[in-house]
Structure formats: C-alpha cells, structure tokens
Amino acid sequence: MADNAANLIAAFDFNGNPKAAFGVNTPQPFDSVSISMPSGLAVHSGVLYVAAFTGEINRVDLSDGSSQAWVSGKGLSVPIGMAVDPNGQLLAADWGVSKIFKVDPLNPPDPNDPDDLIPVFVVTS
C-alpha cells in the first residue's frame, strides 16, 4: 500500500495484519528508504518499483533495502500507477501528462537523453 500523504509504504498479510513498512519509523534494512509521496507500486524479481508524485520512479531492492531514484526528469509528471507486463516490462501510468510509459528494468532510460522514455499509450480527449 502506498500512502502519499504520510510518505509511507506498507505491506500486509492476507488477514490484513501489517508485515512491513518504510517511510516512517521503519525497521532495518528499510530504515534508510525515504520516498516522498509514493503513489503506485509494482514488484518484479525482488525489486519494488515506486511511482512518486514528485515525478520519479524509485527502485528498492527488497533483499537489502537499498533504494535509488531510478527514472527521474524523463518527461514524467505525476506517475500514479505501476504494473509489470508478462514480459517483465514496467508500465507507469502518468496522470500529469495522460500517458503510459514502458520501461525495461534491465535497460532503464538514459538520464542524459530527454527522449529516451517512450510512451506506449497516450490518452486523448
């Protein structure tokens, strides 16, 4: 669960009991993870991808708790939803620009190339 108002990400078991959290008073190894305004989550191959209202996608390694701003300043405005397709490609829905972007986790966008993040779907009115 992503709670953007509290800057918190939490996980629950199937009975609704809290199992893990980070962002506020978090246990190790996630005590160093700080993601501002998380809005969407996806998990793939031991990595948690977090969309943030701040216009970036963060990558959190679930084995050791390390995190990094993974996609930032690439044309993202307000990413709010995340999913992983059957081929392992990350999909990010961006409310701010009405687009869905596809990102290859093994080949993330080049931070020096402003055209490297390609939309796969554009909402038109």
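This report covers the strands, nonpolar cores and largest pocket of a predicted model.

**Overall build**

The chain holds 11 strands and 0 helices. Read along the sequence, its pattern is therefore β-β-β-β-β-β-β-β-β-β-β, with strands defined as DSSP runs. Of its 125 residues, 34% count as buried. The accessible surface comes to about 7,100 Å². Carbon and sulfur atoms account for 52% of that surface. Among contacts between residues at least 6 apart in sequence, 33% join residues at least 24 apart.

**Nonpolar cores**

The largest nonpolar core has 14 residues. Tyr49, Ile57, Trp70, Val71, Met82 and Leu90 touch the most other members. Four strands each supply at least two residues of this core:

| Strand | Residue range | Supply to the largest core |
|---|---|---|
| β5 | 47-52 | 3 residues, the most of any strand |
| β7 | 67-72 | at least two residues |
| β9 | 90-94 | at least two residues |
| β10 | 99-103 | at least two residues |

Leu90 has contacts well along the chain. Leaving aside neighbours within four places in sequence, Leu90 is in contact with residues including Ala42, Tyr49, Ile57, Trp70, Met82, Phe101 and Pro105. Another core, of 7 residues, lies apart from the largest one. Its members include Phe22, Leu48, Val50 and Val60.

**Largest pocket**

The largest pocket encloses about 180 Å³ of space. Its lining has 12 residues. Ile9, Ala10, Ala11, Phe22 and Leu48 lie nearest the centre. β2 (8-12), β3 (18-22) and β4 (38-44) each give the lining at least two residues. By class, the lining has 12 nonpolar residues, with no polar and no charged ones. Phe22 and Leu48 appear in the pocket lining and also in the core of 7 residues.

Notes. Residues numbered from 1 in each chain as written. Predicted model: local features only at pLDDT ≥ 70, side-chain atom pairs only at ≥ 80, totals over all residues. Heavy atoms only, no water. 1 Å grid on protein atoms, 1.4 Å probe; cavity = no way out; pocket = protein on both sides within 12 Å on 5 of 7 lines; lining within 4 Å. Points joined across faces, edges and corners; volume = space filled by probe spheres on them. Helix = DSSP H or I, 4+ residues; strand = E, 2+ residues; numbered from the N terminus. Nonpolar A, V, L, I, M, F, W, Y, C, P; charged D, E, K, R; others polar. Buried < 20%, exposed > 50% of the residue type's maximum accessible area, 1.4 Å probe, protein only. Contact = heavy atoms within 4.5 Å. Areas by Shrake-Rupley, 256 points an atom, 1.4 Å probe, with all protein chains shown as cover. Core = buried A, V, L, I, M, F, W, Y, C linked by side-chain atoms within 4.5 Å.
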